[in-house]
Amino acid sequence: MLRKYRFSFGLLLAALTFAPVVTRAQTPTPKKVFIISDLEGVDGIFNFDLQCIPFKSPLYSESRKLLAGEVNAAVEGLLEGGATQVVVYDNHYGGHNLSTLDINPKALLLSGSPVSPTLGLDSSYSAILFIGLHSMAGTKGGVLPHSFTWDIQNIWVNGKKVGEIGGRVMLAGQLGIPAIMLAGDAAACKEFQVLVPEGECAQVKTGASQTGGYSLSHAAACALIHEKARLAMEHLSQVKPYQITGPVEVKVEYTTSATPNFTLRTGVQQLDGRTWVFRGGNFIDAWLKFRSF
Ligand SMILES: [Zn+2]
């Protein structure tokens, strides 16, 4: 009896000791993270013509370095926080701002355009993060605020005003992906956290006007982004995907009547000389009648 008991206890002890380790080693939970990068929200960037036009702006080569530094800081923080893979989508001005020479070797770079109507994002990702995004058109105190192009005045989704940040938060949300962090100016942080109050924000600059303001040094901005990305990844489970239930109406008001020539088809309606409405059964369906993300 004693012998039998000792034998069983040994087996039980072995099972308790080794089974969880073997299970974890064989089936690690993948945590893929998608970063969307833009340039106007990066530290030190305040002037579109001088800094943001690829290979034409006199300060563009410096801007690319600033962008790469911020993106790489985010990648490091995400990996420290538990991400298993990071894909960086270079989403400014055609997507040739980041170089494979400069990108963190642990990340995968998605460049060029188009990649897909939903930016290459799919439901296999565990989280999305924004680096260098900017506030929506017309934002008071925002640095270089705009919504996709300079001739869009306002965009509403079911009556809620959105810009590029909101569009991406909602896109990810419909795919079941939480938006966990943004790095940008104070106005972009505010815009993000209205939609995702529990999301992290690395505020790297503050606008004094649309084309001027106060910026952290590049080193300080990268240190802040690194820390916030790590925290955001560690707190991933606390952020819920932004979801809209029911049909969606996207209303877009241009600055002039010289609007793009949208095809009048089911779900597309012109309200006046510069305002269009795009309707769909869900957010992605409605938005894609307006444009890709
Ligand atoms: Zn941009």
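The following exchange concerns the zinc site and the aromatic rings of a predicted model.

Reader: Which atoms coordinate the zinc ion?

Author: The zinc ion is coordinated by Asp38 (OD), Glu40 (OE), Glu40 (OE) and His92 (ND1), at 2.0 to 2.7 Å. Along the chain, these donors follow the spacing D-x1-E-x51-H.

Reader: Why is the arrangement around the zinc ion called irregular?

Author: The 4 donor atoms subtend angles of 53 to 137 degrees. A tetrahedral site needs all angles between 85 and 135 degrees, and a square planar one needs opposite donors over 155 degrees apart. The arrangement is therefore irregular.

Reader: What makes Glu40 and His92 a pair that ties together parts of the chain?

Author: Glu40 lies in the loop between strand 1 (32-37) and helix 2 (48-51), whereas His92 lies in the loop between strand 2 (85-90) and strand 3 (107-110), so the parts they tie together are 52 residues apart in sequence. Both residues are buried.

Reader: Why is the pair of Trp287 and Phe290 called edge-to-face?

Author: Their ring centres are 5.3 Å apart, and pairing requires centres within 6.5 Å. The planes stand at 75 degrees, and over 60 counts as edge-to-face, so the pair takes that name. Both residues lie in helix 7 (residues 283-290), 3 residues apart.

Reader: Why does Tyr254 count as buried?

Author: Tyr254 has 3% relative accessibility, and buried means under 20%, so Tyr254 qualifies. Phe262, at 12%, is buried by the same cut-off.

Reader: What makes Lys251 a charge over the ring of Trp156?

Author: Lys251 lies over the face of Trp156, at 4.9 Å from the ring centre, and the cut-off for that distance is within 6 Å.

Methods: Residues numbered from 1 in each chain as written. Predicted model: local features only at pLDDT ≥ 70, side-chain atom pairs only at ≥ 80, totals over all residues. Heavy atoms only, no water. Donors = N, O, S within 2.8 Å, 3.2 Å for Na, K, Ca; no water. Tetrahedral: all angles 85-135°; square planar, octahedral: opposite > 155°, others 65-115°. Helix = DSSP H or I, 4+ residues; strand = E, 2+ residues; numbered from the N terminus. Buried < 20%, exposed > 50% of the residue type's maximum accessible area, 1.4 Å probe, protein only. Phe/Tyr/Trp six-rings, centres within 6.5 Å; stacked < 30°, edge-to-face > 60°. Lys NZ or Arg CZ within 6 Å of the ring centre and 35° of its normal.
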